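Q: Could you walk me through this model, feature by feature, and show me how each one is read?

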Amino acid sequence: MKAYEILNNPFLNKGTAFTKEERKNLGLEGLLPPVVQTLEQQATQTYELFSRKDSLLQKREFLMRIFSTNRTLFFKVFSEHVVEMMPIVYDPVIAESIERFSHEFIDPEYAAYITEENIDQLDTILDRAADGRDIRLIVVTDAEEILGIGDWGTNGVDISVGKLMVYTAAAGVNPEWVLPVVLDVGTNRQELLEDPLYLGVRKNRITGDAYNKFIETFVRHVESKFPKLYLHWEDFGRDHATEILKVYRPQIATFNDDVQGTGIISLAGILGALKISGDTLTDKKYVCFGAGTAGVGIANLVMSEMVAQGLSEEEARSRFYLVDKQGLLFDDMTDLTIEQKPFARKRSEFTNANELTNLHAVIKAVQPGILVGTSTAPGTFTKEVVQEMASHVERPIIFPLSNPTKLAEASAQDLLTWTDGKALIATGVPYSPIELKGVTYDIGQANNALIYPGVGLGVLAVNATRLSDAMISAAAHALQGIVDTTKPGAATLPPVAKLTQFSRTVAKAVAECAIKEGLAPEQDIDAAIDAILWKPEYKK
Ligand SMILES: NC(=O)c1ccc[n+]([C@@H]2O[C@H](COP(=O)([O-])OP(=O)(O)OC[C@H]3O[C@@H](n4cnc5c(N)ncnc54)[C@H](O)[C@@H]3O)[C@@H](O)[C@H]2O)c1
Ligand SMILES: O=C(O)C[C@H](O)C(=O)O
Ligand SMILES: [Mn+2]
């Protein structure tokens, strides 16, 4: 291999840390400054430089440069500063970088960009993108519904890259095993179509049979090319996310983060909240505000938990009230999605059904114990809505989950202030602890990033052939007991600072369940996890 093929390859490059002997053997002598540094020295220096950048976006650009030149160094620094760097590498700052992607493009980041024009050559593209690496994990997006910021076409590739970064930092997934993919099936965002600098396919999105065929071709090829693959879907639109999952779940080891990841972390947060209040899930009524991919995904998982706790499916379903743009969803509406339909209510249940077109009226009529927001509609959990809810229940469970920060239904601070500290909260983006009347409230982060790395590690460690409902439920329960819920102001979920630790806990629970269900061979789970765990250290 030529010297610059090594120095320009982020998987091989060690920069100033190449030893004298390596420099000699690899023909790098004279191509690097003479001093040999350790990874630790490089990491310290990198962190100092990072700290000196003024804005979050500059910090992100700087970290991306390190990522593009030296993966080991990047993950060394990231894993040493997870709490500080997560919001920069990932949500919320990633949202801005996605919006700017085409204008500020520097590096394709070893991703695969699949279009209608090149999908015929998919096999060759996958070979090139893998470049001899053993790919076991793909995060794929079609970027139709990126976070809450909508359709971003090819720019959405950053979400695949970012989600994969978190897999490695949080769960030690080998960065050589991963491949970010964007399926650029066009975009319906006029602003991009008209932007001379837009780097994606300048056409409207393909739909219907053409779209389904595109997805099918993609799945067929990646599955046959990479036999140990775990396929993670991210930020697909409301009409596709759950449908794709339904088709492929019975066939392959696959996961939709917005449906299942969000479901798991939200259920875990709700269980944490109930532990704090001492209440019972099956007694609760549940309002979902924004009944799309994430909203219905969470509702379905919470409903299964109610069934697991003893309710019949009918009883469990009767606890749920879905609210979307139309207001409360009724069974006579003609524009319900396939996923919304089973939850639609009857107008005859209410004396004022026709007035239930806004959240406040619904909260007043239903008096729920749990309110989860996945609406992309900022500020919609108003003081009136929240205080109405708090007037009927002692400890309202309120999760404003829309991302990024500018789209959240409410801030943690406001929820606590308006309820005098009574609200049990989890948010989509991270919050620092909040002081209120002498109590310090830690705010749980119900972001799927706290769960998907552990789930993936579990599946990959034991080579599970499917991700079953039981494995998903095991993941949601695995987080219990990590938070001390007796402490005043305790969070509903464990802190990001413990992410690596609880990712392993989640992975073990998932792997154990896979073995129990016959979806993976009998084996020593700890040994299997240790065997694949990647650490940011230079290879000899
Ligand atoms: N915290 C997490 O881990 C997490 C995970 C997934 C999604 N999310 C967030 O949830 C939000 C939704 O994501 P999604 O993938 O489900 O999108 P989606 O488009 O599938 O669903 C959004 C739903 O909200 C509805 N909606 C829009 N405006 C509304 C309004 N004013 N009132 C009521 N409903 C309204 C839409 O009609 C749609 O049904 C995004 O902001 C996303 O960032 C958070
Ligand atoms: O990406 C995130 O921060 C969480 C989630 O997957 C989302 O779409 O908002
Ligand atoms: Mn997402």
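**Reading the sheet**

A: In this predicted model, a good place to begin is one pair of strands: β1 and strand β3 (residues 178-184) pair in the parallel sense, over four bridges. Within that pairing, Ile114 stands opposite Leu183 in β3.

Q: What is the order of the five strands in the open sheet, and is the pairing parallel or antiparallel?

A: Two strands count as paired if DSSP finds at least two bridges between them. Here the five strands form an open sheet in the order β1-β3-β2-β4-β5, with parallel pairing. Its edge strands are β1 (112-115) and β5 (254-256), each of which pairs on one side only, and from one strand to the next the twist averages 20°.

Q: Which strands does helix α9 lie across, and at what angle does it run to β2?

A: Angles are taken between N-to-C directions and run from 0 to 180 degrees. Helix α9 (residues 157-171) lies across β1, β2 (137-141), β3, β4 (230-234) and β5, and runs at about 150° to β2. Helix α12 (residues 241-248) also packs on the sheet, where it touches β4 and β5, and its direction makes about 165° with that of β5.

Q: Which residues are the protein donors of the manganese ion (ligand 3)?

A: Water is not among the atoms, so a metal site may look incomplete. The protein donors of the manganese ion (ligand 3) are Glu234 (OE), Asp235 (OD) and Asp258 (OD), which lie 2.1 Å from the ion. Along the chain these donors follow the spacing E-D-x22-D. Both Glu234 and Asp235 are buried.

Q: Which residues surround ligand 2, and how far is an oxygen atom of ligand 2 from an N or O atom in the side chain of Lys163?

A: One first lists the surroundings and then looks for polar pairs. The residues around ligand 2 include Tyr90, Leu147, Lys163, Asn403 and Asn447, together with Glu234, Asp235 and Asp258, and these last three are also the protein donors of the manganese ion. An N or O atom in the side chain of Lys163 is 3.0 Å from an oxygen atom of ligand 2. For Asp258, a polar side-chain atom lies 3.0 Å from an oxygen atom of ligand 2, and for Asn403 the distance from a side-chain N or O atom to a ligand 2 oxygen is 3.0 Å.

Q: Which of the 25 residues around ligand 1 come nearest?

A: Those that come nearest are Arg238, Thr293, Ala294, Asp324 and Ala446. Backbone atoms can be read in the same way as side chains. A backbone N or O atom of Asn448 lies 2.9 Å from an oxygen atom of ligand 1, while one of Gly292 lies 3.5 Å from a ligand 1 oxygen. A polar backbone atom of Leu401 is 3.5 Å from a nitrogen atom of ligand 1.

How values were computed:
Residues numbered from 1 in each chain as written. Chains lettered and ligands numbered in written order. Predicted model: local features only at pLDDT ≥ 70, side-chain atom pairs only at ≥ 80, totals over all residues. Heavy atoms only, no water. Donors = N, O, S within 2.8 Å, 3.2 Å for Na, K, Ca; no water. Buried < 20%, exposed > 50% of the residue type's maximum accessible area, 1.4 Å probe, protein only. Helix = DSSP H or I, 4+ residues; strand = E, 2+ residues; numbered from the N terminus. Contact = heavy atoms within 4.5 Å. Near = heavy atom within 4 Å. Polar contact = N/O pair within 3.5 Å; in protein donor to acceptor, adjacent residues only side chain to side chain.
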